[in-house]
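Let's take a friendly walk through a protein model, one piece at a time. Keep the picture in view as you read.

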Amino acid sequence: MNTLKVLRAKKDVSQQELGEKLGVSQNTVSSWEKGYTKPSTKNMLKMADFFEISLSEVYDIFFTTKYYKTLYKYPKNKK
C-alpha cells in the first residue's frame with residue numbers, strides 16, 4: 001500500500017523537502033502523514049505531479065486506504 005511516507009521514501013525526500021516543493025510547511029506534511037489533516041485538491045495535484053502518479057492514486061492515499069480511514073482523527077477538545 002502506498003502512503004505519503006512510502007512515496008517520499010521512494011523519491012528520497014524529507015518532509016521538509018516535500019513541503020518546500022509543494023509550498024507548505026514540514027508540519028503540514030507531517031500532519032498529512034499522521035492523518036490529522038488532509039491536503040487540498042490543489043496540493044494533491046502538486047503531489048501527483050511531483051510523484052509522477054495520477055491524481056486518483058493520490059486521492060486513494062488520503063480518502064480510501066484503510067490506513068488513512070483508521071488513522072484520520074479529528075482534533076479533540078482539551079478540557
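Start with one pair of helices: H4 passes H5 in a right-handed crossing. Keep in mind that what you see is a predicted model.

**How H4 and H5 pack**

Two packed helices are described by the angle between their axes and the distance between the axes. For H4 and H5, the angle is about 120° and the axes are 8 Å apart. That makes H4 oblique to H5. On the H4 side, the residues that meet the partner are Met44, Leu45, Met47 and Ala48, while H5 brings Leu55, Val58, Tyr59, Phe62 and Phe63. Sorted by class, this contact of H4 with H5 has 9 nonpolar residues, with no polar and no charged ones.

Val58 is a good residue to click on here. Not counting residues up to four places away in sequence, Val58 touches Met44, Met47, Ala48 and Ile53.

**The whole chain**

Now zoom out. The chain's secondary structure comes to 6 helices and 0 strands, so to read the elements from the N terminus on, you simply say α-α-α-α-α-α. The chain has 79 residues, and 37% of them count as buried. Look also at contacts between residues at least 6 apart in sequence: 54% of these join residues at least 24 apart.

**Where H2 meets its partners**

H2 packs against H3 and also against H4. Here are the helix pairs side by side, including the pair you have already met.

| Helix pair | Crossing angle | Axis distance |
|---|---|---|
| H2 and H3 | roughly 110° | within 8 Å |
| H2 and H4 | roughly 115° | within 10 Å |
| H4 and H5 | about 120° | 8 Å |

Take H2 and H3, whose axes cross at roughly 110°. That makes H2 roughly perpendicular to H3. In this contact, Gln15, Gln16, Leu18, Gly19 and Leu22 of H2 meet Gln26, Val29, Ser30, Trp32 and Glu33 of H3. The classes here are 4 nonpolar, 5 polar and 1 charged.

Next come H2 (residues 15–22) and H4 (residues 41–51), with axes crossing at roughly 115°. That makes H2 roughly perpendicular to H4 as well. The crossing of H2 and H4 is right-handed. Leu18, Lys21 and Leu22 of H2 make the contact with Asn43, Lys46, Met47, Phe50 and Phe51 of H4. By class, the contact of H2 with H4 holds 5 nonpolar, 1 polar and 2 charged residues.

**The nonpolar core**

Which residues touch the most other members of the largest nonpolar core? Among its 16 residues, they are Leu4, Leu18, Trp32, Met47, Phe51, Val58 and Phe62. At least two core residues come from each of H1 (4–11), H2, H3 (26–34), H4 and H5 (55–63). H4 gives the most, with 5 residues.

**Two buried residues with polar side chains to visit**Is Gln15, which has its place in helix H2, buried or exposed? Gln15 is buried, because its relative accessible area is 17%, and the cut-off for buried is under 20%. Leaving aside neighbours within four places in sequence, Gln15 is in contact with Arg8, Gln26, Val29, Ser30 and Glu33. The C-alpha atoms of Gln15 and Thr28 are separated by 8.8 Å, with their positions 13 residues apart along the chain.

H3 has its own buried residues: Val29, Ser30, Ser31, Trp32 and Glu33. H3 is followed by Gly35, whose phi is positive, near 85°.

The second residue, Asn43, is found in helix H4. Asn43 is buried too, with a relative accessible area of 12%. Not counting residues up to four places away in sequence, Asn43 touches Leu22, Val24 and Trp32.

**A loop residue that reaches H4**

One of those partners, Val24, lies in the loop between H2 and H3. Val24 and Asn43 are 19 residues apart in sequence, and their C-alpha atoms are 8.8 Å apart in space. With neighbours within four places in sequence left aside, the contacts of Val24 are Gly19, Val29, Trp32 and Asn43.

Key. Residues are numbered from 1 along each chain as its sequence is written. This is a predicted model: local features need pLDDT of at least 70, side-chain atom pairs count only at pLDDT 80 or more; totals for chains, interfaces and linings use all residues. Side-chain values use heavy atoms; hydrogens and water are left out. Axes are lines fitted to C-alpha atoms, for helices over the stretch in contact, and angles run from 0 to 180 degrees between N-to-C directions. Helices (H or I, at least four residues) and strands (E, at least two) are DSSP runs, numbered from the N terminus. Angles under 35 degrees count as roughly parallel, over 145 as roughly antiparallel, 65 to 115 as roughly perpendicular and the rest as oblique. A crossing is left-handed if the near helix is turned anticlockwise from the far one by less than a right angle, and right-handed if clockwise. Contact means heavy atoms within 4.5 Å. Ala, Val, Leu, Ile, Met, Phe, Trp, Tyr, Cys and Pro count as nonpolar, Asp, Glu, Lys and Arg as charged, and the others, Gly among them, as polar. A nonpolar core is a set of buried Ala, Val, Leu, Ile, Met, Phe, Trp, Tyr and Cys residues joined through side-chain atoms within 4.5 Å. Buried means under 20% relative accessible area, exposed over 50%, partly exposed in between (1.4 Å probe, protein chains only).
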